[in-house]
Amino acid sequence: MSKIGYIRVSTEHQETARQQEIMCGYQVDRIFSEKISVSTQNASQFAKDRPQLKAMLDYVREGDTLYIESISRLGRSTKDLLNIIDTLTDNGVT
């Protein structure tokens, strides 16, 4: 059973340092970190092209716990978020 962290920022100007610090406080075993610039034009493609999200979803196993700074860091829309939560739940992740 591992503690897994997922960090995401969505503009070139944002930094991951604050989220990194939070993950250190949680004492996570592994962090997947993403910095992707998103515009209104490519927002739908963004949901498909998150390599660290995909890597994290492939990595987590039953009994693992996922840590995120806020729910908005995990999904870009309600539909996207629900799909991710379904995948995590199917893998037995809390």
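**Notes on the predicted model: Ser-10, the strands and H3**

1. Let's start with Ser-10: its relative accessibility is 10%, so it counts as buried, the cut-off for that being under 20%. Keep in mind that this is a predicted model. Where does Ser-10 sit along the chain? It is in the loop between S1 and helix H1 (17-26). I'd flag the residue since UniProt, in an unreviewed entry, puts the feature "active site" at Ser-10. That annotation may be inferred rather than shown by experiment.

2. Now the overall layout. The protein chain has 4 helices and 3 strands, and from the N terminus on the order of elements is β-α-β-α-α-β-α. Of its 94 residues, 34% count as buried. As for the outside, about 5800 Å² of the protein chain is exposed, with carbon and sulfur atoms supplying 49% of that area.

3. On contacts: taking those in the protein chain with a separation of 6 or more, 69% are between residues 24 or more positions apart.

4. Next, S1, the strand just ahead of the Ser-10 loop. How many of the 7 residues of S1 are buried? The count is 6, so S1 is largely enclosed by the rest of the structure.

5. S1 pairs with both S2 and S3. With S3 it runs parallel, joined by 4 bridges; here Ile-4 has Leu-66 of S3 as its bridge partner. S1 and S2 are parallel too, and 6 bridges join them. In that pairing, Arg-8 is partnered by Glu-34 of S2. To get from S1 to S2 the chain passes through H1, and this β-α-β crossover is right-handed.

6. Helix H3 (residues 51-59) is worth a look down its axis. Its buried residues are Leu-53, Met-56 and Leu-57. Seen that way, the buried residues of H3 fall within an arc of 100°, so they line one face of the helix. Which exposed residues does the face turned away from the buried side of H3 carry? They are Pro-51 and Lys-54.

7. Finally, what covers the buried residues of H3? The cover includes strands S1 (3-9), S2 (30-35) and S3 (65-68), along with helix H4 (78-90). That brings us back to S1: this strand is part of the cover over H3, and it is also joined by bridges to S2 and to S3.

Methods
Residues numbered from 1 in each chain as written. Predicted model: local features only at pLDDT ≥ 70, side-chain atom pairs only at ≥ 80, totals over all residues. Heavy atoms only, no water. Buried < 20%, exposed > 50% of the residue type's maximum accessible area, 1.4 Å probe, protein only. Helix = DSSP H or I, 4+ residues; strand = E, 2+ residues; numbered from the N terminus. Arc of directions from axis to C-beta. Contact = heavy atoms within 4.5 Å. Areas by Shrake-Rupley, 256 points an atom, 1.4 Å probe, with all protein chains shown as cover. Pairing = 2+ DSSP bridges. Right-handed = clockwise from strand over helix to strand, strands pointing away.
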